[in-house]
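This report describes one protein structure, part by part. The sequence and coordinates come first, followed by the description.

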Amino acid sequence: MLLGNLRQQVLGANLELVRRGLVLYTFGNASGISRPDGLVVIKPSGVPYEDLKPEHMVVTDMTGKIIEGDLRPSSDLATHLVLYKTLPAIGGVAHTHSECATAWSQARRPIPCFGTTQADYFHGPVPVTDVMTDDEIEGEYEKNTGHAIVRALRTLDEGTPGILVANHGPFTWGPDAMEAAHNAAILESLARMAWITTTLDHEVQPIGRALHDKHYFRKHGKDAYYGQTKEKI
Ligand SMILES: [Zn+2]
């Protein structure tokens with residue numbers, strides 16, 4: 001069986017999404033990439049999480065062709081592939097419909113940074129993509145979802161470990177599949193806290209620049225292991 005360790009890790013990342021309460025039924029998916037092999041391991045489509053085993057993971061190449069596996073890959077595979085091709089530093093991607101992050105996605109509102117929890121991860125608001133056009137939706141929808149994400153990232157000055165897809169939900173990434181799942185849990189927590197914060201004070205202002213920068217750059221120097229600079233995307 002190809003990529004045994006990566007299969008285990010991708011399975012672990014998918015189960016982490018469940019453990020953190022980020023997925024309902026079979027919603028959500030996580031994948032990981034072996035850059036030297038040019039191969040991606042992703043959860044199969046529609047299999048209950050409690051039944052998932054390493055051998056159920058699907059191995060594809062960078063075009064989405066199945067290299068090993070009897071099951072169909074997650075229908076979001078094409079989105080993951082666009083992210084892997086565009087963000088060379090990442091090694092894992094996760095997608096959920098976790099409730100609070102999805103609520104912000106549906107409201108099509110970036111999540112403002114109100115405190116240091118978010119500042120540790122995002123150098124600004126959690127971005128949201130543009131609404132996809134009818135042509136994009138009727139065409140190669142999942143691939144175009146990836147392109148919508150990449151377009152939104154290009155307007156950012158600094159790296160981000162995740163994004164909200166308008167009217168859909170969050171995608172996160174990281175150096176490996178487990179870190180992508182971790183970032184999915186963090187993003188859900190940030191979305192929940194921001195929702196409560198704006199409920200408590202409708203006119204609340206984002207965190208000040210000095211405190212935001214202090215927290216962000218404590219964790220994200222030039223040797224940062226996730227997040228992309230403008231040049232890289
Ligand atoms: Zn989805």
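Strands here are DSSP runs of E with at least two residues, and helices are runs of H or I with at least four, both numbered from the N terminus. The model is predicted.

## Strand β3 and its neighbours

Thr60 belongs to strand β3, which spans residues 58–61. Its relative accessibility is 0%, and because buried means under 20%, Thr60 counts as buried. Outside its neighbours within four places in sequence, Thr60 is in contact with Gly38, Leu39, Val40, Lys65, Ile66, Ile67, Leu77 and Leu81.

Two of these contacts are also bridge partners of Thr60. Val40 is paired with Thr60 of β3, and Ile66 of β4 is the bridge partner of Thr60. The pairing of β3 with strand β2 (residues 39–42) is antiparallel and runs over 4 bridges. The pairing of β3 with β4 is antiparallel as well, over 2 bridges. These last two strands, β3 and β4, form a hairpin with 4 residues between them, and Gly64 in the turn has a positive phi of about 95°.

In a regular strand, side chains alternate between the two faces of the sheet. In β3 both faces are covered: Val58 and Thr60 are buried on one side, Val59 and Asp61 on the other.

## Zinc site

Three histidines supply the protein donors of the zinc ion: His95, His97 and His168, each through NE2, lying 2.1 Å from the ion. Their spacing in sequence is H-x1-H-x70-H. His95 is in strand β5 (residues 92–95), while His168 is in the loop between β6 (162–165) and β7 (169–174), so the pair ties together parts that are 73 residues apart in sequence. Both His95 and His168 are buried.

## Salt bridges

Side chains of opposite charge can pair when their charged atoms come close. The whole structure holds 7 salt bridges. One of them joins Glu68 and Arg7, with 2.6 Å from N to O. Glu68 is in strand β4 (residues 66–68) and Arg7 is in helix α1 (residues 4–19), so this salt bridge links distant parts of the chain, 61 residues apart. Arg7 is buried at 1% relative accessibility, whereas Glu68, at 24%, is partly exposed.

Another salt bridge is formed by Arg151 and Glu136, whose closest N and O atoms are 2.9 Å apart. Since Arg151 is in helix α6 (residues 141–154) and Glu136 is in helix α5 (residues 134–138), the pair ties together parts 15 residues apart in sequence. Arg151 has a relative accessible area of 36% and is partly exposed; Glu136, with 15%, is buried. In addition, Glu16, Arg19 and Arg20 are linked in a network of salt bridges.

## Helix α8

Within helix α8 (residues 209–219), Arg209 and Asp213 are 4 residues apart, about one helical turn. Their side chains meet in a salt bridge of 3.1 Å, N to O. Both are partly exposed: Arg209 has a relative accessible area of 46%, and Asp213 is at 25% relative accessibility.

The buried residues of α8 include His212, His215 and Tyr216. Viewed down the helix axis, the buried residues of α8 fall within an arc of 95°, so they line one face of the helix. An α-helix has 3.6 residues a turn, so residues three or four places apart point the same way. The cover over the buried residues of α8 includes α4 (116–119). On the face turned away from the buried side are the exposed residues Ala210, Lys214 and Arg218.

## Nonpolar cores

In soluble globular proteins, nonpolar side chains tend to be buried together. The largest nonpolar core of this model has 21 residues, of which Leu3, Val10, Leu17, Val41, Leu52, Met57 and Ala94 touch the most other members. The elements giving two or more residues to this core are α1, β2 and α7 (177–200). Helix α1 gives the most, with 5 residues.

Not counting residues up to four places away in sequence, Leu17 touches Leu22, Val23, Asn29, Ala30, Ala94, His95, Thr96, Ala181 and Ala184. One of these, His95, is also a donor of the zinc ion. A second, separate core has 18 residues, among them Ile33, Leu77, Tyr84 and Trp173. Leu77 is also in contact with Thr60 of β3.

Notes. Residues are numbered from 1 along each chain as its sequence is written. This is a predicted model: local features need pLDDT of at least 70, side-chain atom pairs count only at pLDDT 80 or more; totals for chains, interfaces and linings use all residues. Side-chain values use heavy atoms; hydrogens and water are left out. A salt bridge is a side-chain nitrogen of Lys or Arg within 4 Å of a carboxyl oxygen of Asp or Glu. Buried means under 20% relative accessible area, exposed over 50%, partly exposed in between (1.4 Å probe, protein chains only). Donors are N, O and S atoms within 2.8 Å of the metal (3.2 Å for Na, K and Ca); water is not among the atoms, so sites may look incomplete. Contact means heavy atoms within 4.5 Å. Two strands pair if DSSP finds at least two bridges between them. The arc is that of the directions from the helix axis to the C-beta atoms. A nonpolar core is a set of buried Ala, Val, Leu, Ile, Met, Phe, Trp, Tyr and Cys residues joined through side-chain atoms within 4.5 Å.
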